[in-house]
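Subject: Structure for you to look at

Hi,

Here is the structure I promised. Please open it alongside this note; my findings follow below.

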Amino acid sequence: MQMHVDASTGAERTNLLDMPRPELEAYVSELGGKPFRARQLLNWVYKRGEGRIACMTDLAKDFRAQLAERAEVRAPRIVAVQQSQDGTRKWKLEADASQAFEMVYIPEDDRGTLCISSQVGCALDCSFCSTAQQGFNRNLTTGEIIGQVWLANRELAAAAAEAGAGSELPIVSRLDGGQPTTERAVTNVVFMGMGEPLANFRNVIGAIHILLDDYGFDLSRRRVTLSTSGLVPQIYRLAEEVNVALAVSLHAPDDALRSELVPINRKHPIAELLEACWHYLDERNGRSVTFEYVMLDGVNDAPAQARRLARLLAGRPAKVNLIPFNPFPGTRYRRSPPERIVSFRDELIRRGLIATIRRTRGEDIDAACGQLAGRVIDRTTVRLGGRKMSLIVER
Ligand code: SAH
């Protein structure tokens, strides 16, 4: 459990966002509360989006006072917000004094997808990913991971309220400081932001439990996707622990090329990785695996490579999602031309696979796949206006 030292009082506070239901129940009982208090708390925090314990009016007064003294709802602090012309929004969030991570909201007609981070930076060093360039700083806590979803729902609700009825912005929202809510802005969550989620296994699993819990965000397992570069032992552990959609960053049809693009392949080569994926599928009905494949001009986009990829996945219920490469400063790669991406997809389809091309979103604000970098926070900007949590729109 994460403690936080309050600068003004010196008191250590427990972050309620760090606790999936069983932990919260244990915590509540430690304080002498009845088990149903934990469900009441979850309801306030996740269904109503309430962050102030004092406002959780149906908690017994004594219990509320005791809780308010020791605990809090502590989501990451917002450092900056950017909005793309296509409606995509990116928030930069504070991890530590000089460290930041990012989350991205992608609105579509029938859903709102939040792309969240699991680590500050990343240790895996994939050659085509800009997050890799900044190195690894630390794992995010469960509270920092689930706090992204909590915060995005509140931010989007506030933006929707401000924009008024009839605006295109919001998918929904009646979620604002204690009002009961029936719908939330975030309907889908993907672990495709900064970091390798399976390298931060415990904290990510805790956050997934809260996403799926009917007393938490109550998302269906089809609406939560975990993307991994291929940490094989952790895929086996994942198969035992939770039921979510799995996305695997394959990116190449042979080991020589994949080891160059995704260095973890030297430790866990393609055959081993695919075994783990089929195991994940076989363990439970209704699971899905999608293979992500970034389209790099002249590197992995030839027709022969499409045929080889199709042979690898033949006869399996696997989907391939082609991601047009998103460039970033200093990269040696270029995006494959659109017609080559289309013929690559068609080749896969001809050979019996399900293949799609991911639409690039938020490119103008560097919010597209592989472009999240977090950058170092300038503390002087953060304190602008005397308010620590000031919203600064960059650019
Ligand atoms: N660490 C996880 C999540 C990473 S981001 C993973 O590796 O799966 C989600 C997807 O974006 C991954 O498939 C990743 O390989 C891809 N990606 C990374 N950099 C990219 C870039 N510059 N352009 C397009 N896709 C990229």
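Start with helix α11. α11 lies across β13, β14 and β15, and runs at about 165 degrees to β15. Keep in mind that this is a predicted model.

The sheet comes next. It is open and has ten strands. Their order is β4-β5-β6-β7-β10-β11-β12-β13-β14-β15, and the pairing is mixed. The edges are β4 (78-83) and β15 (354-357). Each has a single partner strand, so one side of each is left without a neighbour in the sheet. From one strand to the next, the twist averages 20 degrees.

A second helix, α9 (residues 270-283), also packs on the sheet. α9 touches β12 (245-249), β13 (289-295) and β14 (318-324). Its direction makes about 145 degrees with that of β13.

Back to the β4 edge. Strands of a sheet pair through backbone hydrogen bonds, either parallel or antiparallel. β4 and β5 (residues 89-96) run antiparallel, joined by five bridges. To find the register, take Ala 80: its bridge partner in β5 is Lys 92.

Now the helix pairs. Two packed helices are described by the angle between their axes and the distance between the axes.

α11 (residues 338-350) also meets α10 (residues 303-313). Their axes come within 9 Å and cross at roughly 35 degrees. The crossing is right-handed. From α10, the contact uses Pro 303, Gln 305, Ala 306, Arg 307, Leu 309 and Ala 310. From α11, it uses Phe 344, Glu 347 and Leu 348. By class, the residues of this contact are six nonpolar, one polar and two charged.

The other pair is α5 (residues 142-163) with α6. Here the axes come within 8 Å, and the crossing angle is roughly 35 degrees. α5 and α6 also make a right-handed crossing. α5 contributes Thr 142, Ile 145, Ile 146 and Val 149. Among the α6 residues in the contact are Val 204, Ala 207, Ile 210 and Leu 211. The α5 contact with α6 counts seven nonpolar, three polar and one charged residues.

Then the ligand. Which residues are the closest to it? They are Phe 128, Ser 227, Ser 249, His 251 and Asn 326, out of 19 that surround the ligand. Three polar contacts to check:

- His 251: a side-chain N or O atom is 2.6 Å from an oxygen atom of the ligand.
- Glu 292: a polar side-chain atom lies 3.2 Å from a ligand oxygen atom.
- Asn 326: a backbone N or O atom lies 2.9 Å from a nitrogen atom of the ligand.

Last, the backbone. Most residues other than glycine have a negative phi, and most peptide bonds are trans. Two aspartates have a positive phi, as follows. Asp 125 has phi near 65 degrees. It sits in the loop between β8 (119-121) and α4 (130-133). Asp 218 has a positive phi of about 55 degrees. Asp 218 is in the loop between α6 (201-212) and β11 (224-228).

Best wishes

Terms used
Residues are numbered from 1 along each chain as its sequence is written. This is a predicted model: local features need pLDDT of at least 70, side-chain atom pairs count only at pLDDT 80 or more; totals for chains, interfaces and linings use all residues. Side-chain values use heavy atoms; hydrogens and water are left out. Axes are lines fitted to C-alpha atoms, for helices over the stretch in contact, and angles run from 0 to 180 degrees between N-to-C directions. Helices (H or I, at least four residues) and strands (E, at least two) are DSSP runs, numbered from the N terminus. A crossing is left-handed if the near helix is turned anticlockwise from the far one by less than a right angle, and right-handed if clockwise. Contact means heavy atoms within 4.5 Å. Ala, Val, Leu, Ile, Met, Phe, Trp, Tyr, Cys and Pro count as nonpolar, Asp, Glu, Lys and Arg as charged, and the others, Gly among them, as polar. Two strands pair if DSSP finds at least two bridges between them. A residue is near a molecule or strand if one of its heavy atoms lies within 4 Å of it. A polar contact is a pair of N or O atoms within 3.5 Å; within protein, one must be able to donate a hydrogen and the other to accept it, and residues adjacent in sequence count only if both atoms are side-chain atoms.
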